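Subject: Structure handover

Hi,

Here is the structure for you to look over. My notes follow below it.

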Amino acid sequence: MSVTRIFKIDPALPRALAPKFAPTICRRHKSGPYGYTQAKALVYSKYGSPNDVLKLHTHSISPSLPPQSLLLRALATPINPADINQIQGVYPSKPPFTSLLGTSLPSAVGGNEGCFEILSLGSSLQTSSKQNLKKGDWVIMKNTGFGTWRTHALAEEKDVLKIEDKEGLNPIQVGTVSVNPCTAYRMLKDFETLNPEKNDWFIQNGSNSGVGRAAIQLGAKWGIKSINIIRDRPTPSETEAMKNELLELGATKVITEKQLTERGFSDQIKEWTQGGREKIKIGLNCVGGKSTVALTKCLSSGGHLVTYGAMSKQPLELPTGLLIFKDLKFSGFWVSRWSDGHPEEKKRMVEEILELTRGGEFRDVPVERVGWEWGTEERELVGAVEGTLEGFRQGKGVFVFGET
């Protein structure tokens, strides 16, 4: 005969035990069983809309690092338009799909830019590192396609560039330096010689973008005048506020697309450039379409239009006369290709821009922080990526990592 025993639990017991055991139950441990690092990554196994293809994948990283490897922890990783284009499958550079993270299908990790902290080094790097890497150093990616939207990553020394001096900087400043500011820097330096003593100018569209703001500040630092084109905002007061914001950054002139295309605007250009004696040598284009044709007409004879984007998704159809009679030049610039071919120059340029940032001579781009904690849900992270495709935004989306 079986006997059923009934135990009566004191209602106060769970409350009494809570202080002792609740932290053990609720706290997320960064190391799993046997010292494995628990990590998460936003991955995709096919191309398409971020909402449709991005997934949050959890995996483990062994504590036994290969001798040449680094264990990295993400601090801040931005969401750039090119990242979205990669996920959609329309960007020229595509990271390979692999099964290295243990995904059910071969996958790639989103993101190309970011600031990471070194948590540990493999045995070989502990004794022999070309960059003198050590635990606690901050690094950025040397090349594109690494996949930065993840809490932790394994990398090799060849994959990273060490930030030599992180004092006076924050992870967002470091994590957003290698794409937009570097694009502006190279376009102003590499295509034409801009001489401040001759009062040379450049003109650009997309002036409120990360590249546009960087170009304004670098141009002002180097003594180069600028004409900066923005889209009209929903209200005149918002448009005026944006103009003032860019003027405070160092813009010489700020106009709207509507003003650019108005009849008689060429007379305004002549007035600003002392009857054309001061030359508008470079145009920076990230828009395309009819407004870029109007921008191109503002260039001086022998001027140079440098295209680095096509946000309007409209073709650039140029009047033949601009080539024949004004002898204009047209080039494209892709910072990813430049960076892959010039790693040492990239490091020098990054350090120069960060030194300006540290000294208060280069302001951060406005950002929308997206907190990424261990418990942050997939829909929040994917929603932040999808939101990059929206119209007017308060700033660039940046994943900022907390307790991961």
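A residue counts as buried when its relative accessible area is under 20%. By that cut-off, 48% of the 404 residues of the chain are buried. Please keep in mind that this is a predicted model.

Confidence. The mean pLDDT of the chain is 90. Residues at 70 or more make up 91% of the chain. Two stretches fall below 50. One is residues 1–9. That stretch has 0 contacts in the model beyond near neighbours in sequence. The other is residues 11–29, also with pLDDT below 50. Here the model has 6 contacts beyond near neighbours in sequence.

Overall layout. The chain holds 15 helices and 16 strands. Along the principal axes, its C-alpha atoms fill a box of roughly 110 × 50 × 40 Å. Take the contacts between residues at least 6 apart in sequence: 75% of them join residues at least 24 apart.

Surface and charge. About 20,300 Å² of the chain is exposed. Carbon and sulfur atoms supply 52% of that area. The chain has 51 positive and 44 negative charges. Their mean positions lie 3 Å apart.

One residue to look at: Val400. It lies in strand 16, which spans residues 396–401. Which residues does Val400 touch, not counting those up to four places away in sequence? They are Leu75, Ile172, Arg369, Val370, Gly371 and Trp372. Val400 and Ala76 are 324 residues apart along the chain. Their C-alpha atoms are separated by 4.6 Å.

Best wishes

How values were computed
Residues are numbered from 1 along each chain as its sequence is written. This is a predicted model: local features need pLDDT of at least 70, side-chain atom pairs count only at pLDDT 80 or more; totals for chains, interfaces and linings use all residues. Side-chain values use heavy atoms; hydrogens and water are left out. Helices (H or I, at least four residues) and strands (E, at least two) are DSSP runs, numbered from the N terminus. Contact means heavy atoms within 4.5 Å. pLDDT is the predictor's confidence in each residue, from 0 to 100. Buried means under 20% relative accessible area, exposed over 50%, partly exposed in between (1.4 Å probe, protein chains only). Accessible areas come from the Shrake-Rupley method with a 1.4 Å probe; for residues, only the protein chains shown count as cover. Lys and Arg count as positive and Asp and Glu as negative; His and the chain ends are not counted. The place of a charge is taken as NZ of Lys, CZ of Arg, CG of Asp or CD of Glu.
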